[in-house]
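Welcome! Open the viewer, get comfortable, and let us walk through this structure one selection at a time.

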Amino acid sequence: MMRITFVFLFAFLFMTPQSMRSQPNTRTIEIDKAEMAQRVRQEFLHAWNAYKQHAWGHDELKPLSKSYRNWHAVSLYMTPVDAMDTMSLMGLTNEAAETREFVVKNLSFDHDIEVKNFEIVIRLLGALLSNYQLTEDKRLLALADDLGTRLLPVFDSPTGMPYMYVNLKTGTVRGTVTNPAEIGTLLVEFGALSKLTGKPIYYDKAKRALVEVYNRRSSIGLVGTWINVETGAWTDSTSHISGCIDSYYEYLLKCWRLFDDKDCARMWRTSIEAVNKYLAHDATTGFWYARVDMFTGQRVETSFGALDAFFPAVLALSGDLDRAKRLQASCYKMWTAFGIEPEQLDYTTMKVTAGVYHLRPEIIESAYYLYHFTKESRYLEMGRVFLDNLVRYCKTDAGYAALQNVETKEKKDEMESFFLAETLKYLYLLFAPPETIDLTKVIFNTEAHPIRKTW
Ligand code: DMJ
């Protein structure tokens, strides 16, 4: 059913010039959404073809040296697996089908390699499930089920919170000190795997992990950055919405919506109340979210960065358009100050504290959600600026390159798989017909793999 809807929509995409035009009240240049969607599609093909030419069969393209990088001793095909559903959404049906054939024939998890649970779950497990729902190819579900089983030993800690690493063949685990994001960003994928296979174990283990983090929140309702999964003690009590915590909040909200899980609803509501009370900061440079101590609520750092820019999307999805808009305005300031956003800055001075740009998607994801909910043309205009700047500063003759430093624009020999899975997908969806994705039925996992509620 879903495939039929998508196929219909792809046909529709290039047939509706009038309805796709930007609204007449566009502030600056009128944006032709169909043309913009087409441009993004071309840039996707540019990056994908470079991967195929220089890194085929490996995890990632190295765009400057025109070579490749594997995460482990064997390739798990990170880029093709992560990119497949973007191809489907963009209507690149042949590419998607060829890639799927390659993946099902070659991808195996029966290797003596130690993987990072979180990364494998959000990129590979999420992608396998999403592509299974798009194509109904049962081989993808079998791969997901096999992967899920191999990952389950991570939950065998005294608290039920997962260890960070697991060996896919032996089940040996490692990494006792981890963070709320790596513990709490598993339920969309494991939960969907349970629903699709009929095996409750995946949902139960991932849900327990999420609840265990929540239960260790401070008396003022905040979580810290690092926690020991064997003792349950916090080892770093800094609370923020940035990397290491970010998608923990995202999944409380999304699991409520995807599974109608009432516990997640309650945990989301109490958590967001505490975050807005203690972290939100109206500074002279705009509206931001600071770093505070989880026990006292005392502000300890005024830093913000590319990863934090996912939060307007989450606020918008939760219905808080006021904070979402104000925060996105600040994020946009962070982007336009340098032409590309830095990994981190001090938002009170707007000075860069970490200048790298990893081709991250979050600010674009937020523009997509905000446009979806408000239909305000300023978000299309943001998207146009994001695309123009990406092309100007990051495009190479072999794909797209991260930046070592957003101030000098020096490039870095790296094109993470999320550039194809997320960055270009959200940019495309911003301009594509709204029906391409029905946000009332679909939840994106944190790697932008659409999971459809079929249960
Ligand atoms: C992605 O792997 C996911 O979005 C994750 O939640 C955060 N970091 C990257 C993209 O920046």
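Which polar backbone atom is 2.7 Å from an oxygen atom of the ligand? Zoom in on T446: one of its polar backbone atoms is the partner of that ligand oxygen, a polar contact being a pair of N or O atoms within 3.5 Å (within protein, one must be able to donate a hydrogen and the other to accept it, and residues adjacent in sequence count only if both atoms are side-chain atoms).

A note before going further: this is a predicted model, in which local features need pLDDT of at least 70 and side-chain atom pairs count only at pLDDT 80 or more, while totals for chains, interfaces and linings use all residues. Residues are numbered from 1 along each chain as its sequence is written, and side-chain values use heavy atoms, with hydrogens and water left out.

**Stop 1: around the ligand**

Select E447 next, where an N or O atom of the side chain is 2.7 Å from an oxygen atom of the ligand. Then add R360, which places a polar side-chain atom 2.8 Å from a ligand oxygen. The protein buries 92% of the 290 Å² that the ligand exposes when taken alone (areas by the Shrake-Rupley method with a 1.4 Å probe).

Now show the whole shell: I122, L307, R360, P361, E362, F418, E422, T446 and E447, each with a heavy atom within 4 Å of the ligand. By class, this shell has 4 nonpolar, 1 polar and 4 charged residues (Ala, Val, Leu, Ile, Met, Phe, Trp, Tyr, Cys and Pro count as nonpolar, Asp, Glu, Lys and Arg as charged, and the others, Gly among them, as polar).

**Stop 2: the largest pocket**

The ligand sits in the largest pocket, meaning that more than half of its atoms lie within 2 Å of the pocket's grid points. On a 1 Å grid over the protein atoms alone, a pocket is an open set of points with protein on both sides within 12 Å along at least five of seven lines, a cavity is a set where a 1.4 Å probe fits but cannot get out, and lining residues have an atom within 4 Å of a point.

This pocket has a volume of about 650 Å³, the space filled by probe spheres set on the points, which are joined across faces, edges and corners. Select F118, E119, R123, L307 and R360 to find those nearest its centre, out of 31 lining residues. Colour α6 (117–135) as well, since α6 gives the most to the lining, 4 residues; helices (H or I, at least four residues) are DSSP runs numbered from the N terminus.

**Stop 3: the cavities**

How many cavities of 30 Å³ or more does the structure hold? There are 2. The largest has a volume of about 100 Å³; select its lining, including K33, Y368, H372 and P433. Here α15 supplies the largest share, 3 residues.

Finish at the second largest cavity, of about 30 Å³, by selecting N117, F118, P162, Y163, M164, T178 and E182.

Note on methods:
Helices (H or I, at least four residues) and strands (E, at least two) are DSSP runs, numbered from the N terminus.
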